[in-house]
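Please open the model in a viewer and keep the selection tool at hand. The stops below move from enclosed spaces to aromatic rings and then to an open pocket.

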Amino acid sequence: MKSDYAKLFKVARHARILEGISSHLGWDQETYMPPGSAPIRAEQFETMAGLIHRARTGKKFENALKKLIDLKTGALLSEQLSDPQKAALKEWRRDYLHQTALPVSFVEKFAKLTSQAQSVWRTAKEKSDFSAFLPYLKKIILLSQKKADLLGYQEHPYDALLDEYEPGMKASTVTHLFSQIATALRPLIIRASACKIKDDFLKGPWDKEKQIAFGKEILTAIGFDFNYGRLDFSSHPFSSASHPTDSRITTRMHTAHLMDPILVILHEGGHGLYEMGLPKEEYGTPLGEARSLGIHESQSRWWETRIGLSLPFWTYFFPKLKELFKQELKDIELHDFYLAIHKVSPSFIRVEADELTYPMHVVLRFELEKQLIEGTLKPKDIPEAWNAKMQEYLGITPPTDREGCLQDIHWSMGGFGYFPTYTLGNIYAAHLFTSFSSTFPDWTAKVAKGDLGFIRNWLHENIYRHGKRYSIDELLKQATCGRELAVQPYIDYLSQKYDCTLPNAS
Ligand code: ZN
């Protein structure tokens with residue numbers, strides 16, 4: 001006789017398998033699907049979405065879940081549960097309540113509006129015509145406010161939206177963290193961007209085969225197992241995994257810049273490693289899922305910036321890069337290369353921003369989003385507010401809305417609450433790094449010898465293997481001997497790096 005928990009596990013695993021199939025369809029759409037297949041792919045997605053929704057919210061799942069946990073109060077109803085099982089049940093209940101809080105009619109209306117809005121946004125962006133997108137954006141904001149009401153919140157309506165991506169995170173916490181970042185980084189950006197650094201030699205054209213061969217070499221070095229993963233190409237890089245034994249990542253072709261695909265590969269590789277490290281035996285339970293978008297991003301930024309932009313990393317890998325590009329890099333020394341990849345230059349486009357200016361793009365979007373959701377900023381005033389903040393934070397004003405408020409797809413998709421996770425990932429990574437570097441005070445010496453396996457092992461031990469066993473707060477505290485999350489390690493890291501590195505070059 002199967003236990004109630006085993007029965008629930010089986011039903012949930014079925015839903016997870018359906019999600020995996022759907023994510024494969026998404027991967028294929030972005031990589032190899034012939035363009036003419038788009039209409040049938042849309043139908044396939046719709047079919048899968050229906051199946052997944054039913055598997056996650058249908059009677060079979062509900063009945064299995066409510067045998068073990070009271071859906072209203074969250075009280076556990078069985079004596080025989082282990083601690084991990086209790087944690088899994090709490091997460092299952094949370095997901096279930098989320099999925100059922102929004103009436104199907106609302107979900108359909110939202111999906112229809114945002115699917116239209118995305119194509120309107122594309123044209124509006126091309127023509128830099130904010131007024132064409134405005135009527136759709138207004139409706140999306142109204143529906144997002146409604147969504148916040150339906151999901152429920154205590155302090156601020158934005159909390160409900162943020163909670164979808166970063167469970168438990170509050171707008172007030174993000175405001176507190178981000179305002180410290182803005183205050184600390186503004187003077188640093190001014191100083192660092194005044195430095196004259198030669199980076200012309202990074203501009204191509206570069207041989208893409210060699211770029212990718214190098215990317216694969218570093219992926220292997222960080223522990224990405226090609227037996228269970230793939231690297232492909234897409235115009236927008238992403239990672240998707242249907243199981244810990246099948247983790248796919250992509251990079252974009254960018255032969256005009258040496259480092260672009262390499263850093264993208266490290267970034268997506270960080271996401272991929274996390275998925276590969278989730279416990280297989282928990283596949284189908286929340287304990288086999290990544291904790292949150294912010295924690296996911298902490299893993300990608302960890303490899304991309306904390307390791308991939310570190311001097312010891314390039315002490316080991318730069319000679320290999322030079323070996324590959326003998327002619328192009330023959331006169332370049334490690335020090336010049338290291339400075340060049342840290343050149344700071346305020347720019348309009350978030351996805352092209354350097355490490356130091358990037359967080360300001362996210363702070364700006366968060367502040368506007370919060371005001372839009374609480375109703376203190378009118379949608380029609382976005383371009384003006386956007387440009388004022390760009391001037392305030394980065395000292396530049398976009399000449400057009402295409403390079404300003406129309407640049408990102410997120411709002412047209414109704415993704416209010418998503419942006420903060422990018423910078424939260426950096427904050428988490430820096431927080432975790434304090435603990436990692438005190439565990440391995442010699443980490444720089446090891447990395448300079450090409451030893452990276454111990455890093456992946458530390459992340460596995462502290463992050464990957466736990467899935468959603470702990471809350472974000474608990475997970476971060478456990479990994480850092482109980483330290484409260486603070487923004488200071490992130491600010492310290494950027495200050496030390498950009499204040500020390502750059503004056504030498506001016
Ligand atoms: Zn990412």
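For the classes used on this tour, Ala, Val, Leu, Ile, Met, Phe, Trp, Tyr, Cys and Pro count as nonpolar, Asp, Glu, Lys and Arg as charged, and the others, Gly among them, as polar. The model in view is predicted.

**Stop 1: the largest cavity**

Select Arg365, Trp386, Cys405, Asp408, His410, Trp411 and Phe419, the residues that line the largest cavity. The space they surround has a volume of about 50 Å³. This lining comprises 4 nonpolar, 1 polar and 2 charged residues.

Now keep Asp408 in view. Where in the fold is Asp408 found? Its place is the loop between helix 15 (382-394) and helix 16. Asp408 has a relative accessibility of 12% and therefore counts as buried, the limit being under 20%. Display the side chain of Arg365 as well: a polar contact of 2.6 Å joins it to the side chain of Asp408.

**Stop 2: the second largest cavity**

The model has 2 cavities of 30 Å³ or more. For the second largest, select Arg16, Ala241, Ser242, His243, Pro244, Glu275, Leu278, Tyr283 and Gly288, which form its lining. The enclosed space amounts to about 30 Å³. Which element gives the most to this lining? Strand 2 (residues 239-243) does, with 3 residues. By class, the lining residues divide into 4 nonpolar, 3 polar and 2 charged.

**Stop 3: aromatic pairs**

A pair of aromatic rings is described by the distance of the centres and the angle of the planes. The count for this model comes to 31 aromatic pairs. Select Trp302 and Phe433: their ring centres are 4.8 Å apart and their planes stand at 50 degrees, so the pair is tilted. Trp302 belongs to helix 11 (residues 293-307) and Phe433 to helix 16 (residues 420-439), so this pair ties together parts that are 131 residues apart in sequence. Are these two residues buried or exposed? Trp302 counts as buried because its relative accessibility is 0%, and Phe433, with a relative accessible area of 4%, is buried too.

Next, select Trp411 and Phe416, an aromatic pair that is stacked, with 5.8 Å centre to centre and 0 degrees between the planes. Both Trp411 and Phe416 are buried. Trp411 has already appeared at the first stop, in the lining of the largest cavity.

To see an aromatic cluster, select Phe214, Phe313, Trp314, Tyr316, Phe317, Phe318 and Phe337, which together form one.

**Stop 4: charges over rings**

Select Arg248 and Trp27. Arg248 lies over the face of Trp27, at 4.4 Å from the ring centre. Then turn to Lys446 and Phe454: the charged end of Lys446 sits over the ring of Phe454, 4.8 Å from its centre.

**Stop 5: the second largest pocket**

Finish at the second largest pocket, which holds about 510 Å³ of space. Its lining consists of 22 residues, and those nearest its centre are Pro167, Ser471, Ile472, Asp473 and Glu474. Which helices each supply at least two residues of this lining? Colour helix 4 (83-101), helix 8 (171-193) and helix 19 (472-479) to see them. By class, the pocket lining has 9 nonpolar, 3 polar and 10 charged residues.

Note on methods
Residues are numbered from 1 along each chain as its sequence is written. This is a predicted model: local features need pLDDT of at least 70, side-chain atom pairs count only at pLDDT 80 or more; totals for chains, interfaces and linings use all residues. Side-chain values use heavy atoms; hydrogens and water are left out. On a 1 Å grid over the protein atoms alone, a cavity is a set of points where a 1.4 Å probe fits but cannot get out, and a pocket is an open set with protein on both sides within 12 Å along at least five of seven lines; lining residues have an atom within 4 Å of a point. Grid points are joined across faces, edges and corners, and a volume is the space filled by probe spheres set on the points. Helices (H or I, at least four residues) and strands (E, at least two) are DSSP runs, numbered from the N terminus. Rings of Phe, Tyr and Trp (its six-membered ring) pair if their centres lie within 6.5 Å; planes under 30 degrees apart count as stacked, over 60 as edge-to-face and the rest as tilted. Buried means under 20% relative accessible area, exposed over 50%, partly exposed in between (1.4 Å probe, protein chains only). A charge sits over a ring if NZ of Lys or CZ of Arg is within 6 Å of the ring centre and within 35 degrees of the ring normal. A polar contact is a pair of N or O atoms within 3.5 Å; within protein, one must be able to donate a hydrogen and the other to accept it, and residues adjacent in sequence count only if both atoms are side-chain atoms.
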